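Q: Please take a close look at the charged side chains here and how they pair up. Then carry on from there into the fold around them.

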Amino acid sequence: MATEIKIYGERNTNTNYVRKLIELNLLVAQLPGTVPRAIMKAQRLLPGEEMVRDIYFRAAFRATLGWKHAAVPPFHVLKRYGGDSGRVGYMTITKNPYSWLLSLYRRPYHLRRHERLSFEEFLQQPWKMTGRDNAGSRVSSPVDLWNIKNRSYRNLPQSRTIHATTERIFEDPSGVIKAIADKFGIERHSDQFINHERSTKDETKNGDYYRDYYINERWRERLSPKAIGLINERLDSELLSSYGYEEISASGRVWS
């Protein structure tokens with residue numbers, strides 16, 4: 001039986017939504033994945049915002065098992081810090097790389113980009129890592145970021161890990177909660193599933209919007225043939241398939 005859950009998932013994969021679902025439905029603690037508010041306040045008074053966060057996650061690794069957006073380290077590293085105890089259950093969240101890259105383009109976080117940079121130009125720009133990414137200092141393209149992070153999730157033991165996708169979570173959130181409860185032997189607050197319909201980042205959007213956008217793949221309308229080609233050039237096709245996704249052709253059709 002797991003008494004703690006650790007969630008790993010890249011930015012814009014709905015880790016906040018899943019965390020809220022677990023909080024509303026399951027009697028289990030969740031290991032921290034972001035910096036505490038005190039650190040957030042302190043960093044505003046100090047130079048190097050990213051450095052302050054990096055230092056925190058390095059110092060607090062035993063308590064957090066890393067940043068929620070980090071590449072998962074080899075399991076022997078997690079074991080060294082208590083990550084192999086029966087108390088911890090792991091969950092990873094993966095998002096379709098095409099829609100994920102569009103989300104990252106709209107919200108690039110620490111990577112400062114010029115407003116006039118097109119999506120196609122963004123895909124060809126190097127991405128500077130933070131220390132807490134646990135994935136080196138820089139990659140040649142944001143596409144490489146998707147490959148590295150999602151490949152790292154394989155470091156976790158299958159017997160103690162649930163690999164979920166953003167799309168599956170929106171399709172059947174109650175089923176995802178049931179899977180977590182069943183796999184890790186976690187008690188539920190009640191027999192009734194409680195959803196969280198409000199966006200954790202945008203008050204103008206709700207569950208209906210996100211379900212339509214991701215399940216019906218409305219994001220495809222924002223992909224140009226050139227952008228699809230640039231993504232496909234760097235995308236790990238084997239990794240893509242392992243998460244149940246298919247490569248999109250430049251004409252917008254799925255390869256058979």
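A: **Charged pairs and their setting**

Lys178 counts as partly exposed, at 47% relative accessibility. That value comes from a predicted model, as does everything below. The partner of Lys178 is Asp182: their side chains meet in a salt bridge, 2.6 Å from N to O. Asp182 is exposed, with a relative accessible area of 52%. The labels differ because exposed starts over 50%, while partly exposed runs from there down to the buried limit of 20%. Why can these two side chains face each other? Both sit in helix H10 (residues 173-184), four residues apart, so about one helical turn separates Asp182 from Lys178. Elsewhere, Glu10, Arg11, Asp133 and Lys149 are joined into one network by salt bridges that share partners.

A further pair is Asp172 with Arg168. Their side chains form a salt bridge at 3.3 Å, N to O. Asp172 is partly exposed, with a relative accessible area of 23%. Arg168 is partly exposed as well, at 41%.

Now for a pair away from the surface. The side chains of Glu50 and Arg132 meet in a salt bridge at 2.5 Å, N to O. Glu50 belongs to helix H3 (residues 49-59), and Arg132 to the loop between strand E4 (127-128) and strand E5 (138-139), so the bridge ties together parts that are 82 residues apart in sequence. Both Glu50 and Arg132 are buried. In total, the structure holds 16 salt bridges.

**Two loop residues and a buried Asn**

The loop between E4 and E5 also holds Asn134. Its phi is near 60°, a positive value in a residue other than glycine. Asn134 counts as partly exposed, at 42% relative accessibility.

Glu217 has a positive phi too, near 55°, and is likewise a residue other than glycine. Glu217 lies in the loop between helix H11 (207-215) and helix H12 (225-234). At 28% relative accessibility, Glu217 counts as partly exposed.

Asn147 is another polar residue to look at. Its place is in helix H8 (residues 142-152). Is Asn147 buried or exposed? Its relative accessible area is 5%, so Asn147 is buried. What does Asn147 touch, once neighbours within four places in sequence are set aside? Its contacts are Arg234, Leu235, Asp236 and Leu239.

**Strand E1**

Charged residues also turn up in strand E1 (residues 4-9), where six of six residues are buried. Side chains in a regular strand alternate between the two faces of the sheet. In E1, Glu4, Lys6 and Tyr8 lie on one side, and Ile5, Ile7 and Gly9 on the other. Both faces are covered, and these residues are all buried.

E1 pairs with two strands. Two bridges join E1 to strand E2 (residues 29-30), and the strands run parallel. Within that pairing, Glu4 stands opposite Ala29 of E2. How does the chain connect these strands? E1, helix H1 (residues 15-25) and E2 make a right-handed β-α-β unit.

Strand E3 (residues 88-94) is the other partner. Six bridges join E1 to E3, and this pairing is also parallel. Here Tyr8 stands opposite Thr92 of E3.

**The nonpolar core**

E3 leads on to Met91. Leaving out residues up to four places away in sequence, Met91 touches Lys6, Ile7 and Tyr8, as well as Val18, Ile162, Ala164, Ile169, Val176 and Ile180. Lys6, Ile7 and Tyr8 are among the buried residues of E1.

Met91 also belongs to the largest nonpolar core, which has 66 residues. Which of them have the most contacts inside it? They are Ile22, Leu78, Met91, Phe119, Ile180, Leu223 and Ile231. Helix H6 (residues 97-106) gives the largest share of this core, six residues. Another core lies apart from it. That one has six residues, among them Val35, Phe57, Ala60 and Trp67.

Conventions:
Residues numbered from 1 in each chain as written. Predicted model: local features only at pLDDT ≥ 70, side-chain atom pairs only at ≥ 80, totals over all residues. Heavy atoms only, no water. Salt bridge = Lys/Arg side-chain N within 4 Å of Asp/Glu carboxyl O. Buried < 20%, exposed > 50% of the residue type's maximum accessible area, 1.4 Å probe, protein only. Contact = heavy atoms within 4.5 Å. Pairing = 2+ DSSP bridges. Right-handed = clockwise from strand over helix to strand, strands pointing away. Core = buried A, V, L, I, M, F, W, Y, C linked by side-chain atoms within 4.5 Å.
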